[in-house]
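Please look through the sequence and the model below before reading on. The paragraphs that follow go from the overall fold to one helix and its partner, and then to a few single residues.

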Amino acid sequence: MLTDDRSSIRPRKARTTGQILGTADKRDTIYERILHAVMEHRLIPGTKLVEEKLASVFEVNRTRIREVLARLAHEGVVTTIPNRGAFVASPSVEEARYIFHARRILEPALIRTLVTQADEERIRRLYDHVAQERAAREAGDKRAVIRLSGEFHLLIAEMVGSPPLLKLMRELASLTCLIILLYDSPNVPACPNHEHLEIIKAIEQGQGENAVDLVIAHLNHIEETLDLSVSEEQEVDLEEIFG
Ligand SMILES: [Zn+2]
């Protein structure tokens, strides 16, 4: 859903050589699928991303996979270790704090912009999204709940319509998913549904600063539910998702 809408705001002139040759779309698909797996916690921190296996699963050559992994590494979602390969990143406690700090700076700016642009269509899409979250929660689909929770924040960035801000938000949302997996208490839900709902209501009523306060409280809430007291690196068993 987000993919389609996102591509529609991509300026036509921004097509790269790869897109003209039809190779970039495949790269985008692989990139999206890996990010999706990260956001649904199917790919966990520390998982080795084996080039040959990914190349075989996605039916592309290794060069293509290397390009996708380089992009993910650039965004901090993947860590590359010389002579060992690429791994799903395991953000440290310090990195986790920086990511929440960055979100508390970025998201109020997105909210303030969105309030000025909020029309019926955008508000409806936000409510629809929260309805999907609720349905996933009621169905007990934990993977979907985690992904949809992150995507609520991406939807706000997407509706603001600034590609560089959306890019930042995507990176921060993916990293937050990894952080939640590493440091979450087992029974804590991702984003509480009612908090998303309150944010939408404030946006709908044009109460920009109220919406900003709510989003900051929401981010604080998520950060507080995490156990960021452990400072040592956590070892995670490697798991071949795409193998
Ligand atoms: Zn949230």
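Helices (H or I, at least four residues) and strands (E, at least two) are taken here as DSSP runs, numbered from the N terminus. The model is a predicted one, in which local features need pLDDT of at least 70 and side-chain atom pairs count only at pLDDT 80 or more, while totals for chains, interfaces and linings use all residues. Residues are numbered from 1 along each chain as its sequence is written, and side-chain values use heavy atoms, with hydrogens and water left out.

In the protein as a whole, the secondary structure comes to 11 helices and three strands, and from the N terminus on the elements follow the order α-α-α-β-α-α-β-β-α-α-α-α-α-α. Of the 243 residues, 47% count as buried, where buried means under 20% relative accessible area, exposed means over 50%, and partly exposed lies in between (1.4 Å probe, protein chains only). With contact taken to mean heavy atoms within 4.5 Å, 77% of the contacts between residues at least 6 apart in sequence join residues at least 24 apart.

Helix H8 deserves a closer look. Its 19 residues, 142-160, should span 27 Å at 1.5 Å a residue, and this agrees with the 28 Å that separates its end C-alpha atoms; the expected span is 1.5 Å times one less than the number of residues. H8 nevertheless has a kink of about 25°, centred on phenylalanine 152, the bend at a residue being the angle between axes fitted to the seven residues ending there and the seven starting there. Most of H8 is covered, with 17 of its 19 residues buried, and just after the helix glycine 161 takes a positive phi of about 85°.

Which helix packs against H8, and at what angle? Helix H7 (residues 120-138) does so at an angle of about 170°, with the two axes 9 Å apart. H7 is therefore roughly antiparallel to H8. Axes here are lines fitted to C-alpha atoms, for helices over the stretch in contact, and angles run from 0 to 180 degrees between N-to-C directions; those under 35 degrees count as roughly parallel, those over 145 as roughly antiparallel, those from 65 to 115 as roughly perpendicular, and the rest as oblique. The residues in this contact include Arg122, Leu126 and His129 of H7, together with Leu148, Phe152 and Leu155 of H8. By class, the contact of H7 with H8 has 10 nonpolar, three polar and six charged residues.

Two loop residues have a positive phi although neither is a glycine. Glutamate 59, with a phi of about 55°, lies in the loop between helix H4 (51-58) and helix H5 (62-74), and glutamate 59 counts as exposed because its relative accessibility is 70%. Asparagine 83, with a phi of about 65°, is placed in the loop between strand S2 (78-81) and strand S3 (85-88), and its relative accessible area of 86% makes asparagine 83 exposed.

Finally, there are two residues within helices. Arginine 97, in helix H6 (residues 93-117), is partly exposed because its relative accessible area is 42%. Leaving aside residues up to four places away in sequence, arginine 97 touches Glu223 and Leu228; the C-alpha atoms of arginine 97 and leucine 228 are separated by 8.4 Å, although these residues are 131 residues apart along the chain. Asparagine 210, in helix H11 (residues 208-225), is likewise partly exposed, at a relative accessible area of 35%.

Terms used
Nonpolar A, V, L, I, M, F, W, Y, C, P; charged D, E, K, R; others polar.
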